[in-house]
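This briefing is meant for someone meeting the structure for the first time. It goes through a few topics in turn, beginning with one residue and its surroundings.

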Amino acid sequence: MDSPRILPHLLFLVVLCLPLRMTADDTVYTKVDVNPVPVKTPPPDYPLRLKRDGTSGLVAVSVIIDETGVVTSCSVAKSSNADFDESALAAVRKWKFKPAQKDGAAVKMKVTIPIRFSISE
């Protein structure tokens, strides 16, 4: 067997395959050094029937914010009235953030955002 001639080819293949094994860090943090900061927060649309009836409510939205400050997923964690849920989710999907940081690098983070619906506001 001619192993000295094969070795450079094997090394080349190993080096070539290394980038394929490296993937983005999918870690989603709940504790970081610097919390995300909202920079764009359009308000939710108040459901007309609930507004007309004078109904107030609160929706806690669980959100994952990526390393660029974009909301990548959201779901209702808790709600005082399910009729507010879709409006709260639709609003939070449009929010933008200065991303969270851990050890000086931007990271994904999961947070819970309270969305209040109040006639007086």
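Ser87 is found in helix H3 of what is a predicted model, and its relative accessibility of 14% places it among the buried residues, because buried means under 20%. Leaving aside residues up to four places away in sequence, Ser87 touches Pro44, Asp45, Tyr46, Pro47 and Phe117. Two of these contacts, Tyr46 and Phe117, return below as members of a cluster of rings that also includes Phe84.

**Aromatic rings**

- A pair of aromatic rings is described by the distance of the centres and the angle of the planes.
- The count of aromatic pairs in this model comes to 4, and one of them, formed by Phe84 and Phe117, is stacked, with 4.3 Å from centre to centre and 20° between the planes.
- This stacked pair links distant parts of the chain, since Phe84 lies in the loop between E4 and H3 while Phe117 belongs to strand E7, 33 residues apart.
- Both Phe84 and Phe117 are buried, and ring pairs link these two with Tyr46 into a cluster.
- Trp95 and Phe97 form a pair that is tilted, because their ring centres are 6.1 Å apart and their planes stand at 45°.
- Trp95 is buried at a relative accessible area of 12%, and Phe97 likewise counts as buried, at 7% relative accessibility.

**The largest nonpolar core**

- In soluble globular proteins, nonpolar side chains tend to be buried together.
- The largest nonpolar core here holds 23 residues, and those touching the most other members are Val61, Val63, Val92, Trp95, Ile113, Ile115 and Phe117.
- Two or more residues of this core come from each of strand E3 (57-65), strand E4 (71-79), helix H3 (85-93) and strand E7 (105-117), with E7 giving the largest share, 6 residues.
- Which residues does Ile113 touch, when residues up to four places away in sequence are not counted? The contacts of Ile113 are Val59, Ala60, Val61, Val63, Val92, Trp95 and Phe97, so that Trp95 and Phe97, the two partners of the tilted ring pair, both appear among them.

**Salt bridges**

- Side chains of opposite charge can pair when their charged atoms come close, and a search of the whole structure finds 4 salt bridges.
- Lys108 forms one of them with Asp26, the closest N and O atoms being 3.5 Å apart.
- The partners Lys108 and Asp26 come from distant parts of the chain, 82 residues apart, with Lys108 in strand E7 and Asp26 in the loop between helix H1 (3-21) and strand E1 (28-29).
- Is each partner buried or exposed? Lys108 counts as buried at 19% relative accessibility, whereas Asp26, at 58%, counts as exposed.
- Glu86 and Arg93 meet through their side chains in another salt bridge, at 3.3 Å from N to O, and Arg93 counts as partly exposed, with 43% relative accessibility.
- Arg49, Asp53 and Asp83 are joined into one network by salt bridges that share partners.
- Within that network, the side chains of Arg49 and Asp53 meet at 3.8 Å, N to O, and both are partly exposed, Arg49 at 40% relative accessibility and Asp53 with a relative accessible area of 48%.

Terms used
Residues numbered from 1 in each chain as written. Predicted model: local features only at pLDDT ≥ 70, side-chain atom pairs only at ≥ 80, totals over all residues. Heavy atoms only, no water. Core = buried A, V, L, I, M, F, W, Y, C linked by side-chain atoms within 4.5 Å. Buried < 20%, exposed > 50% of the residue type's maximum accessible area, 1.4 Å probe, protein only. Helix = DSSP H or I, 4+ residues; strand = E, 2+ residues; numbered from the N terminus. Contact = heavy atoms within 4.5 Å. Phe/Tyr/Trp six-rings, centres within 6.5 Å; stacked < 30°, edge-to-face > 60°.
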